Protein chains: 2
Amino acid sequence: MPPNTPFQAEIIAVGTEVLMGEIINSNASYLSQALAELGVNVYYHTVVGDNPNRIKAVFETAMRRANLIVVTGGLGPTDDDLTVATLAELFETPMVADPASEERIRQFFIARGMPMSSTNLKQAMRPVDAEPLPNRTGTAPGLFWDVSTHVAKRGWNTGPCYILAFPGVPREMKTMWTEVAMAKLKPLLPESAVLVSRSLQFFGIGESMLGEKLRDLMAQASPTVSPYVGQAEVRIRIAAKAPSEAEALTLIEPVAGEIQSRLGTYCFGSNEEPMEAVVAQLLRAKQKTVSVAESCTGGLISSRLTDISGSSEYVLLNMVTYSNQAKETQLGVSSETLASFGAVSGQVAAEMAMGIREKAQTDIGLGITGIAGPTGGTDSKPVGLAYIGLAVADQCPIVKKVLVNAQYDRHQIKHWFSQYALNTLRLYLLDSLDPD
Amino acid sequence: MPPNTPFQAEIIAVGTEVLMGEIINSNASYLSQALAELGVNVYYHTVVGDNPNRIKAVFETAMRRANLIVVTGGLGPTDDDLTVATLAELFETPMVADPASEERIRQFFIARGMPMSSTNLKQAMRPVDAEPLPNRTGTAPGLFWDVSTHVAKRGWNTGPCYILAFPGVPREMKTMWTEVAMAKLKPLLPESAVLVSRSLQFFGIGESMLGEKLRDLMAQASPTVSPYVGQAEVRIRIAAKAPSEAEALTLIEPVAGEIQSRLGTYCFGSNEEPMEAVVAQLLRAKQKTVSVAESCTGGLISSRLTDISGSSEYVLLNMVTYSNQAKETQLGVSSETLASFGAVSGQVAAEMAMGIREKAQTDIGLGITGIAGPTGGTDSKPVGLAYIGLAVADQCPIVKKVLVNAQYDRHQIKHWFSQYALNTLRLYLLDSLDPD
């Protein structure tokens, strides 16, 4: 096939467990991003179950509207893994055992000292004119199959058409993508159309207000500026198509800069960087340590802070003081404060922050107490209410009251609380935290 | 349309952010499960970007192969929200402003004391013969549209055909599904084909070994038994189709019982119930309290334990002792132990467990120390290694060594470590924890 052919990609997941909703199709998300980085436009994602006729119909539809089909799933050893055999049937192509794949599968089991099931050798079968993609971390090889002539013969499409098949296990698929598949694809790609996107993340401002502030930029044709809602933040995607990544970035960067200057500290990060990573950079840059005393978030803030590699530089000791007694004995929260204001109060959050800071001997102490629900709320202290205290040396603690939509579930409310707490820490480190 | 029509459903997500992989299509997963519970077969998921021509093409394809189209996304207030207008165009149907929807949108902003943007009123537009689905938690109403005559006129399909449209924000979609849409669908459904599925979850055994043990059951036609891999567990789905849910369960339950008896304590739960919920039930049933001292997991075990509402019954105080000093001063881990065996050792895990148990005055103390990576590993103590200690009164602590695949990322390794720790607690509570 000629090099420099523009690809239009479709990503297909084969698997009843995905179709029935038991597994979320995160593979499609990964592959879309990976293909975009190579400048390949993805126009469709499709999910189909383990049914040969529907698999065939989905592939026919795909090859009529796309010329790079990336399929995940259905390569396993069991009888409901149908992708390869069904594709061979669709194109009336004989299957052969691939000796190199057989050898890899045998070695996979030998290396792990595990007995090989005979069904595993089924995974070494491939259509005679397809090339296997070796799988270093699992048993199922993938496929790289130039089906251009098959597709042309059936009148579905003209020009080049490729199928790339991967196992459905995300880890195996990702390893094969980076180690094997990208090298196969790159020589086939044109130089002339890279789609680059950057995203910015915002906290403390809603999607519609953000849209109002960026209306003029969103009306532009290039780069495109589009808002969407994340887990506990709003995001803006800025995307541009250009001959090279550098040229696309030349289009994107001034717009990103303009957005950041309009939104100030509402913008907390870029490119999917989570709040905890932003906070980690600030703690490192300012050489500050932090300790957290959590009640309603139950350890989530601590866990998020330590999701960042190297967090032992600024995390020493955190506590989850769930009971009033633990708040008193471990953090020195006074029983009078607990009795007068209740465990969920600004006063207790402040004393928790001061207490953990002193105990852990850190620069900053953070305390949080609230009601994650679904039970435990009252009229005056509803589910979704939390107080965040932030303590440093020689100053009165700062307290923030937070009210999260009570319609969220407990898990989401905990996440929002943790996001507010980390954002409070971020604003403090930026010298932008107003007492209120 | 006649009642009792069997539906074949397709779930479509409209949105460039989903197509580009910035948002994972979790809506499709939710809707698949929700439709299965109503006995509706879902045959396809499709994702398409914010492009009118491709949206039209995807809907045409869908309505040629399915008769219940559930679409999420593209109902927002901004200019790239195209679903409703594009569908109206596809069917050459005029749009009208819906007064009830307008009023709801106005009230939504008044209730929140927020100014309404004029673009929000765009969301009150609907095709003249479509019915709005009210959205209690957001501004975009959905649609319930009988397009049978439109579809028949174009020769795409005969018989009934419906479109249900929801906003892309998962929370809004889910609320509308349960509060409004299900009631619209139910009267249209036949009584005769409910697909019921149950899942079982396993820890400490791999998918292939599980497959070997259940080969005979997996060969049966009904109920179907299929394994798949979860986040840190293997799952078995048992599914049966029957005239009623009760009859389906009659098919499923003996098979579930047989699987549980073959796998014993490898099976930790059913129906997506997370490990922490299983542990919570056991702690309640045995009236035990637990405290956790975490190093490598950084608070994740504590956070998971407190994800369960009512966890204040058995969680009082947990600690994240990240530094050696915190392990010594807070938990009483001896400096000799730290010096002789290193912070990542069975001895330290045991002393952490004893220390937190004493400090928190709980029945059980759990300690964990390990290397979550990506840095910090050595030949003798690689990334993925952890020790779990479990302490109770008047007994030597039990220590478990855990080795997680180092190819996982830090986040996944932390999750696996937390899963091992919670499973250790589960086995102890079941009197099935062997010292080794």
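I take a salt bridge to be a side-chain nitrogen of Lys or Arg within 4 Å of a carboxyl oxygen of Asp or Glu. With that rule I looked up Glu22(B) and Arg237(A), whose side chains meet in such a bridge at 3.0 Å, N to O.

**Ground rules**

I note that this is a predicted model, in which local features need pLDDT of at least 70 and side-chain atom pairs count only at pLDDT 80 or more, while totals for chains, interfaces and linings use all residues. Residues are numbered from 1 along each chain as its sequence is written, chains are lettered from A and ligands numbered from 1 in the order in which they are written, and side-chain values use heavy atoms, with hydrogens and water left out.

**Entry: the interface of chain B and chain A**

I counted contacts (heavy atoms within 4.5 Å) and found that 76 residues of chain B touch 78 residues of chain A. For buried area I used the accessible area, with a 1.4 Å probe, that two parts lose on being put together, summed over both; the two chains bury about 6,400 Å² between them, 54% of it on carbon and sulfur atoms. On the chain B side, Met20(B), Glu22(B) and Tyr322(B) lose the most area to chain A, together 10% of what that side buries. Glu22(B) is thus listed here as well as in the salt bridge with Arg237(A).

The rule finds 4 salt bridges across this interface. It also finds 39 residue pairs in polar contact, both residues at pLDDT 80 or more; a polar contact is a pair of N or O atoms within 3.5 Å, where within protein one must be able to donate a hydrogen and the other to accept it, and residues adjacent in sequence count only if both atoms are side-chain atoms.

Helices (H or I, at least four residues) and strands (E, at least two) are DSSP runs numbered from the N terminus. Strand E2 (residues 41–48) of chain B gives the most to the side of chain B that touches chain A, with 7 residues.

I then checked strand pairing, which requires that DSSP find at least two bridges between two strands. Strand E14 (residues 317–321) of chain A and strand E14 (residues 317–321) of chain B pair in the antiparallel sense over 5 bridges, and Thr321(A) stands opposite Leu317(B).

**Entry: where Arg237(A) sits**

Following Arg237(A) back into its own chain, I found it in E11(A) as the bridge partner of Ser226(A). Strand E10 (residues 224–229) and strand E11 (residues 234–242) of chain A run antiparallel and are joined by 6 bridges, with a hairpin of 4 residues leading from E10(A) to E11(A).

**Entry: helix H4 of chain A and the residue after it**

For burial I used relative accessible area with a 1.4 Å probe and protein chains only: under 20% is buried, over 50% exposed, and in between partly exposed. Helix H4 (residues 83–90) of chain A is mostly covered, with 6 of its 8 residues buried, among them Thr83(A), Val84(A) and Leu87(A). Glu92(A), in the loop between H4 and strand E4 (95–97) of chain A, has a positive phi of about 45° although it is not a glycine. Glu92(A) is exposed, with a relative accessible area of 67%.

**Entry: cis peptide bonds**

I found a cis peptide bond between Gly373(A) and Pro374(A), with omega about 0°; Pro374(A) is in the loop between strand E15 (364–370) and strand E16 (385–391) of chain A. Another cis peptide bond joins Ser222(B) and Pro223(B), with omega about -5°.
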